[in-house]
Amino acid sequence: MESTIIFPSPNWFKSSVLAVSSDGWLVYGGPTTSLCILRPLKNVSNSEQCYQTAHLSRAHGEKIICVTISPEWPEKRSIVTGSPDGVVKQWSLTEVNKSIRIKFDQSHEIHKNENEEVVGVGYSNENIVITVGSFGNMTLWDTTSNVVKMFDKFLKNFKPTCLACSPHLLLNVAVGTKQGIIFVLDLNGKGKILYKVRGQNEETINVSWCPQYEVHVKKTLDVTEVKSNLVDRLAKIRLEGTDEKLNKSGLAKDLPDDSFNDSIVQEDDMFDIYKDHEEDEFGHKKYKPEIIRVRCHEEKKEDSDFLADCLKLKKDLLDRKNAPEESIESLVNALDNAHVDDSNSEAKSEEGSDTAEVNKENSADTVAVEERGCHTHKHLLASIGKLGSVRIWSKTGKLVGSCAVTTSNSKNFKTKIPGWATLNWYRPNMLLIADGKSQLLTCNPLKVDSKNKLHWTVEHALHKRGLHCIATNAPRLIKVTDSNRKTDGAKSKCENIIEDLDENFKDCVIWTTAQDRSIVCYSVEKHECIAMYNSCGGYVYCIDPCPYDARQYALSMGDGAVRVWETDTIEDDNTKLSNGKVRMYWQNVQGKVLTIAWHPTRENILAFATAESRIGLIDTGGKSDKAARLLHVALRGGIYSLCWGKDDNLYACGGGELVQYATRSTEETTSINVEVEGIKWNLSFVSFDVRGILVGSLVGGIAILDPDTHQLVVATFVFSKIIHNMQWHPQQTSSSSEDSPYQNLIAVSSLDKQHTVAILEYKENIEGGPKLQLSKMLSGHKGPVLNVVWNPHLEQYLLSSAQDATVRVWDVVAGVCTHIFGGHSYSSIGVAWSSFPELSTTVLSGGADYNVRLWDCKDFPADTFEEIKHDYTIKEKKEKKKKKANKTEEEETSQEVDNTATILTQDNIVKGQKKFLLTTIGRQMYPLNAVKLSKLAKQMLRSDILNTDKEDLGCRDDFIKIFGNTNDINAVLDMEMENHLAEERLSSWIILSVIRGDMAGMVEFATKRDLLCPFLVSLAPCVSFKYWKDTMQLYLAQIDRKVAKGEADKITGGLDFGGVIYRKVCLLLSVHDVKGAVNVLTEARLFQAAYVLSRTRHMDSIAEETLKKWAVDSYENGMYPLAAFCYIALCDPNQAAIVLSKINSEEYLSLAAHLAKIAGQSTFAEHIDDKLQQIHNGENGKTENLKPLPTRAELVIEKDAKEN
């Protein structure tokens, strides 16, 4: 069974995004729209807890922000999730072949119909789920009958932010709002508001119920007074001007500080308005504080006698022992006569100064404490605001206690990190609080001082920044039995109950998540960190084992950070790896890290490359996370390939280019061009080895360069699409001290549709020079193969990852797949073997499910593989169609003026008519075939390629003339216009005349047929002002004729002129903007019309650019013959051959081979010939002499013969 090393990262700043079950399962909303499940694994030999991850992408339309677990867990593994898309879904979890299967059960879309987000979900009991939306709509969902009841009046005009269902009373729920108001509702029947209070002056972030219904709050006489600066300043004022020469017969004593509370105005005296003025000028004189001193008898210190003190103490003890017991009446009187001595308070405040220094934020002067007793409260609720204010509320809405914690959103605290304080009522006498930064605080909510204040302490600060979520596996409901209520001796009733309940929380832990992407498991009872797990917020693109330290693995991920996992074998069992620790480096990375590479000789030097063309170096030595050193940008686009060469040279490949960085000296870059038979390759991959530098091209080419001179050694073609990865076989493996017999093998993966892994053999010492020969093709993947890695310990095994979400192990000698791992839910990308020789079959893999998994291939044989698919039925396409239909209906019925901006999308872009302008040419040109391409190649390349006698009867080749000279183009357009007239396509004739620039002929044609309209008249000013006046006169005469004939309704004309696109083209041509007209046609994908327009206006450069755009668009849309047609018209036989080689047809492949030979690419032509031979052999191999199936009568006769 596999375990997960790095988990998907929970969503940031969501208090209810994580839920923990009683048996340790973790459920939370992961990156983007995913749902993540963590199942604890039973591991006897390993003391560290391991987890197995199940990941479901696109669980919702938007990210999941609230999760809750069914109270029936683990008998019924059911969960409910909510998202800002307004949908609430219920899921069930099952185990299939040692893996977790996530199944979608049911959902409701009440909040989506109200156009609001879901902000809270919770189970009220086993079958009822309560949800609340951002606009105040609450729902009561019966999951058994799938019936939803809606409450829309209780929270009207409020914006809820959180929800908590009471574990004690059915359908009682607490809701916090953005306005700081807290509602406690009873949804039984028609529902009612039990109470609502202003909980905070800021937004309420979270609410939590006390797990025990009835508790006893201990109230003491603690007085908390925070020192103010004004009191200190008043003390300084009193000391000013004191006379040092006092009467020696008395002692000077200051009156108490509170003697002038009614007379002294505590205010800022930085500016005195009475200065430089008369004392009585502005009315009464301002009071000036003075020191008032009195005389008293001098206190004489008596000499202490130690023996006398001991005898006095002995007498006191004997008196207490022999004294009669006090009655209840005397105790009551003593309690009534109790008072607070101010003299003792100062002493005790000095004794508690050490504690105040530990918690500086909670520092205060504490005075004498005397217990008053326990007060019983029921159904307590805790709430916390965005700025850290905590409140405890009773069943009637009375404030029981409060405190405040400092958050980063404080007015006096400036930081870029947003604060997100939250809380969780862990057990009756412990409240967990997140301060919004990185600290977890604990507070006893059952103990308040005389001012109803709570005191908190710091529990841990294991996170680096942004702690935002607290979850626990502690029981939500605690029932106190009668045996718990018995008191024991001098202990109070509440203390006795708490001690009895401590046993229930001995094995409970808490989980916290933060912005530093770490998930911490902590035991409050033991005050220790149990485990700290790292999480990932992006794809795992690459896993690179350290070449000199088997314990370290570098991981490149798409969340803007590089991670180094440091592990080791377990002491008791060296066949298993420990969880280890993960170090994260994010400073100066700033982007998706696509690839990484350890330096082969210098320790702790790691190179990385990102999707933003950024390349840098990281020093992984030391404990602190050091910032990366960036190299200057020399490439464009994403960099998917990176490797180290000789003399600290770094090779990087991106955007079709290959460069070399001199990292040790001046960081100079050298561009390396790879030309094969006179054609420069666009490269996609590079891998350095002393035997040769492997490079791959975007069209499936593979070449080996000399590692010193970078000269081409040998080149070949294996695939037709981009080369994604290549790797030399190790010269030696850890299991042998001799050179491997397979050291000349090269494994190649590509994005080709064949979904195969090619094994090439490099033969050097042969006649005719080095050669790359295809040894085997490993087939079995159902998607493009992304990465290949040779086993460093077992020389015949190869590891591959693909987009089919599987990781396969191949026996290259036998050419078969031996093991299949299907634990990833989506594409598996980065893979690596374990560096420990004793773990030769252990694999690390990561991919698009944001996980890094550790597994042993022996546990996953190929014959037992079964694909696991998560069941989630989402009717997105039908919903989109409904939205479009509703949108069109609203647009038709709406007549109001809308001043908002219109959003341009692909759905509302108007498409032009492709068969409107050049109908005859289109009929001749389409459908394209190899014969028509051969005719065009013969015309453009001046070379006979195929036998063109096979052309169909009646098929003309006039379409080729549009690529000829000006006379050929005019001849084709004249023929097209004649056919328009013959078939009564008048609009096409008029638009084609405008495109050819014959404005006078167009107006004359329209005048004779009474086709003038405001649109055609608006084009006349492009000729001259006089011509426009003449056209207007003709249009006026046409109007008179129409009115006389009784056809006044046809004055504006009834022709559409090809729609909006061609009308825009004509208007742009009327203002002589030919380039703008061409752009309009190309954006509407009317490339043929755009090319003809460019040629008729003698703009050959624009015509060539149009052909290139046409070729690229056809290639991207899979129309390979049309793309080849454009490349042949551009006189580029090499690109035409590359495009045609992707079509598995003999005619097209033969044409591609001839075009490659014309371009001088003999190597590529040989590759196409080999492909043709494979197709020919495959067709011959499939033909079998099958016997015809017997008829029913023959079967009956045969059956009777057997019975007899």
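1. Contact here means heavy atoms within 4.5 Å. In this predicted model, Ser21 touches Ile69, Trp73 and Asn473, leaving out residues up to four places away in sequence. Ser21 sits in the loop between β2 (18-20) and β3 (26-29). Its side chain also makes a polar contact with the side chain of Trp73, at 3.4 Å. Is Ser21 buried or exposed? Buried means under 20% relative accessible area. Ser21 has a relative accessible area of 2%, so it is buried.

2. Overall confidence comes next. The mean pLDDT of the chain is 81. Of its residues, 78% reach 70 or more. Two stretches need care. Over residues 874-878, pLDDT stays under 50, and the model has 3 contacts for them beyond four places in sequence. Over residues 1180-1186, pLDDT also stays under 50. For that second stretch the model has 0 such contacts.

3. The chain has 1204 residues, and buried residues make up 49% of them. Its secondary structure comes to 24 helices and 63 strands. Consider contacts between residues at least 6 apart in sequence: 55% of them join residues at least 24 apart.

4. The largest nonpolar core has 112 residues. Those with the most contacts inside it are Leu917, Phe963, Leu1016, Leu1081, Phe1125, Leu1140 and Leu1155. Which helix gives this core its largest share? Helix α20 (residues 1120-1129) does, with 9 residues. A second, separate core has 25 residues, including Ile392, Val400, Ala421 and Ile433. In soluble globular proteins, nonpolar side chains tend to be buried together.

5. Phe963 deserves its own point. Setting aside neighbours within four places in sequence, Phe963 is in contact with Leu936, Met940, Tyr1091, Arg1095, Leu1107, Phe1125 and Ala1129. One of these partners, Phe1125, is also among the residues with the most contacts inside the largest core.

6. Helix α21 covers residues 1133-1140. Why is it described as largely enclosed by the rest of the structure? Because 7 of its 8 residues are buried. The buried ones are Pro1133, Asn1134, Ala1136, Ala1137, Ile1138, Val1139 and Leu1140. Leu1140 also appears among the residues with the most contacts inside the largest core.

7. Arg427 is a charged-residue case to inspect. Arg427 belongs to strand β26 (residues 422-427). Its relative accessibility is 9%, so Arg427 counts as buried. Which side chains does it meet in polar contacts? One is that of Asn429, at 2.9 Å. Another is that of Glu525, at 3.2 Å.

8. Now a strand pair. Strands β59 (residues 807-811) and β60 (residues 816-821) run antiparallel and are joined by 5 bridges. Val807 stands opposite Phe821 of β60. The two strands form a hairpin, with 4 residues between them. In the turn, Gly815 has a positive phi of about 75°.

9. The annotation can be set beside the model. An unreviewed UniProt entry lists "repeat: WD" at residues 57-101, 778-812 and 821-856. For residues 778-812, the end C-alpha atoms lie 8 Å apart. That span is 0% helix and 54% strand. For residues 821-856, the end C-alpha atoms lie 9 Å apart. Here the content is 0% helix and 50% strand.

Note on methods
Residues are numbered from 1 along each chain as its sequence is written. This is a predicted model: local features need pLDDT of at least 70, side-chain atom pairs count only at pLDDT 80 or more; totals for chains, interfaces and linings use all residues. Side-chain values use heavy atoms; hydrogens and water are left out. Two strands pair if DSSP finds at least two bridges between them. pLDDT is the predictor's confidence in each residue, from 0 to 100. A nonpolar core is a set of buried Ala, Val, Leu, Ile, Met, Phe, Trp, Tyr and Cys residues joined through side-chain atoms within 4.5 Å. Buried means under 20% relative accessible area, exposed over 50%, partly exposed in between (1.4 Å probe, protein chains only). A polar contact is a pair of N or O atoms within 3.5 Å; within protein, one must be able to donate a hydrogen and the other to accept it, and residues adjacent in sequence count only if both atoms are side-chain atoms. UniProt positions are given in the numbering used here, feature names are shortened, and annotations may be inferred rather than shown by experiment.
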